[in-house]
Amino acid sequence: MTGCSSKFSGNSYSSQDDGYIFQSASLENTIQQRDLRFQKYKKLTKLKKNLGSLDSYSNYQNDRMDLNIELFDFYSEWEGVSYKLGGDSKNGIDCSGFIQKVFKEKFDMTIPRTTQMQSQLGKEIGKNELKSGDLVFFKTGDVNHVGVYLEDGLFIHASTQIGVTISELDNSYFSKSYWKAQRVID
């Protein structure tokens, strides 16, 4: 099954399980941070063209920078697309469909369609090991939810309430429902 279990009520979101509410100020802050990071990646794209390959660590850092640029690029194309259970287009998409599209279009990787099957891909890693491109999973009630980790505690996903967006892992809702992470891209 795909999707996540949350409700929207006025200026706040709440989970179906326990009535937890986080205020839109947190969402507004997340949006501002996302926009600043997006601007940063646009600048990094230009800067990266001038970077040389100094050593293997530099190459690794460049690879992760490339990955983040690809993820932000994909996000910019899909930002705000509404959530639709079972959807797989810009007319509406669910979380696992969004992840499937990210990996196919940006990394030419075919991955399964459902969150449950995606949760079995790659190698399970600890939350403290997260790197750009890792899949992050949440237990959100009867269904599971998935996103792609960016950096600095942020991930992109298709939210049932606001569509394709960037959220914070340490947001109380996601922190409480965090399940696991899988590394699909080495």
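Colleague: Of the contacts between residues at least 6 apart in sequence, what share joins residues at least 24 apart?

Modeller: A contact means heavy atoms within 4.5 Å. In this protein, 58% of the contacts between residues at least 6 apart join residues at least 24 apart. Do keep in mind that this is a predicted model, where local features need pLDDT of at least 70, side-chain atom pairs count only at pLDDT 80 or more, and totals for chains, interfaces and linings use all residues. Residues are numbered from 1 along each chain as its sequence is written, and side-chain values use heavy atoms, with hydrogens and water left out.

Colleague: How many helices and strands are there?

Modeller: Helices (H or I, at least four residues) and strands (E, at least two) are DSSP runs, numbered from the N terminus. Here you will find five helices and 11 strands.

Colleague: What percentage of the residues is buried?

Modeller: Buried means under 20% relative accessible area, exposed means over 50%, and partly exposed lies in between, using a 1.4 Å probe and protein chains only. Of the 186 residues, 48% are buried. The accessible surface, from the Shrake-Rupley method with a 1.4 Å probe and, for residues, only the protein chains shown as cover, is about 9500 Å². Carbon and sulfur atoms account for 48% of that surface.

Colleague: Let's take one helix. What span does H3 reach from its first C-alpha to its last?

Modeller: The expected span of a helix is 1.5 Å times one less than its number of residues. H3, residues 95-107, has 13 residues and reaches 18 Å, close to the 18 Å expected. Its buried residues include Phe98, Ile99, Val102, Phe103 and Phe107.

Colleague: Which residue follows H3, and what is the sign of its phi?

Modeller: Most residues other than glycine have a negative phi. Asp108 follows H3, and its phi is positive, near 50°. Asp108 sits in the loop between H3 and helix H4 (115-118), and it counts as exposed because its relative accessibility is 61%.

Colleague: Where is Asp152 found, and what is its phi?

Modeller: Asp152 is in the loop between strand E8 (144-149) and strand E9 (154-159). Its phi is also positive, near 50°, in a residue other than glycine. With a relative accessible area of 53%, Asp152 is exposed.

Colleague: And Asp66: is it buried, partly exposed or exposed?

Modeller: Asp66, in helix H2 (residues 56-78), has a relative accessible area of 31%, so it is partly exposed. Its C-alpha is 9.6 Å from that of Ser132, although the two residues are 66 apart along the chain.
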